[in-house]
Amino acid sequence: VLKELPALQRIRGPGIVDLLDYKKAEKEVMAAIHRLDPEHRGYFLAVIDKLTFLRRVIGELKIAPAIELAEDLLDQTADNVKIVLFCHHRLVAKALAQGLLKYGVTLLTGEITQKKRGEVISSYQNPGGPRVMVMTTAGSEGINLFGLAGVDSSRIIMVERQYHFAKEEQAEGRLHRIGQENAVEAYYLVVAGTIDDKLDQLVTDKREWFRQVAGARIDGFVIRHLIGEKHAN
């Protein structure tokens, strides 16, 4: 008999940050993209490389609101409730971990060895261990992070956005899987007026479109969506 998965709710919330530094970086990046030749063979890779810099800038700016949200969720719940924070950059992961030390934190990144990985996951899933898991894309495959023995691990904060919905669903899937006893809540922090906002729109509005594309590659459609027609053409 197949057991049904519990409910999954995606909650989109504003990330309130000072955009002065971001807008300056965005202006420089867009000017650099505009100078690129769209007919050059490596154009799309060059654009993605420059957009990655903007993703890092907005990721760093979202550290403070992500910590604040995590604190609110943890302070309003019982000690058996734990939470996962998902990000892309190691610098962001380490800053998040540092900011939530008082709750007990464990990091799951590409730097963690396979042997240590099992210990880290077990300490998080079971009673008495850290209440916070900070996980990067490099650490988010093929693992279970739902709670065991009375632990409630059913909340994940998606701090940094991805280009493709599958990467985000993969992170959600660490909690939203067979063995989870509670409804899962995925909190998406989105900063309006930035690449973060555009990534949210891309992933949300084109989810079904991407499901039909084998390989879901980053192509001209995605580039135009993120930087606009005037820069892509």
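Here are three short exercises with worked solutions on the predicted model above.

Residues are numbered from 1 along each chain as its sequence is written. Local features need pLDDT of at least 70 and side-chain atom pairs count only at pLDDT 80 or more, while totals for chains, interfaces and linings use all residues; side-chain values use heavy atoms, leaving out hydrogens and water.

**Exercise 1.** Find which elements give two or more residues to the largest nonpolar core.

*Solution.* Start with the term: such a core is a set of buried Ala, Val, Leu, Ile, Met, Phe, Trp, Tyr and Cys residues joined through side-chain atoms within 4.5 Å. Buried means under 20% relative accessible area, exposed over 50%, and partly exposed in between (1.4 Å probe, protein chains only). The largest core has 22 residues. The elements sought are α3 (63-75), β2 (81-87), α4 (90-99), β4 (132-136) and β6 (184-190). Helices (H or I, at least four residues) and strands (E, at least two) are DSSP runs, numbered from the N terminus. With 7 residues, α3 gives the most.

**Exercise 2.** List what L96 is in contact with, leaving aside neighbours within four places in sequence.

*Solution.* Contact means heavy atoms within 4.5 Å. Beyond those neighbours, L96 touches I63, A66, I67, L85, C87, V134 and V159.

**Exercise 3.** Is E26, which pairs with K23 in a salt bridge, buried or exposed?

*Solution.* A salt bridge puts a side-chain nitrogen of Lys or Arg within 4 Å of a carboxyl oxygen of Asp or Glu. For K23 and E26, the N to O distance is 3.6 Å. Both lie in helix α1 (residues 20-34), 3 residues apart. E26 counts as buried because its relative accessibility is 16%, whereas K23, at 36%, is partly exposed.
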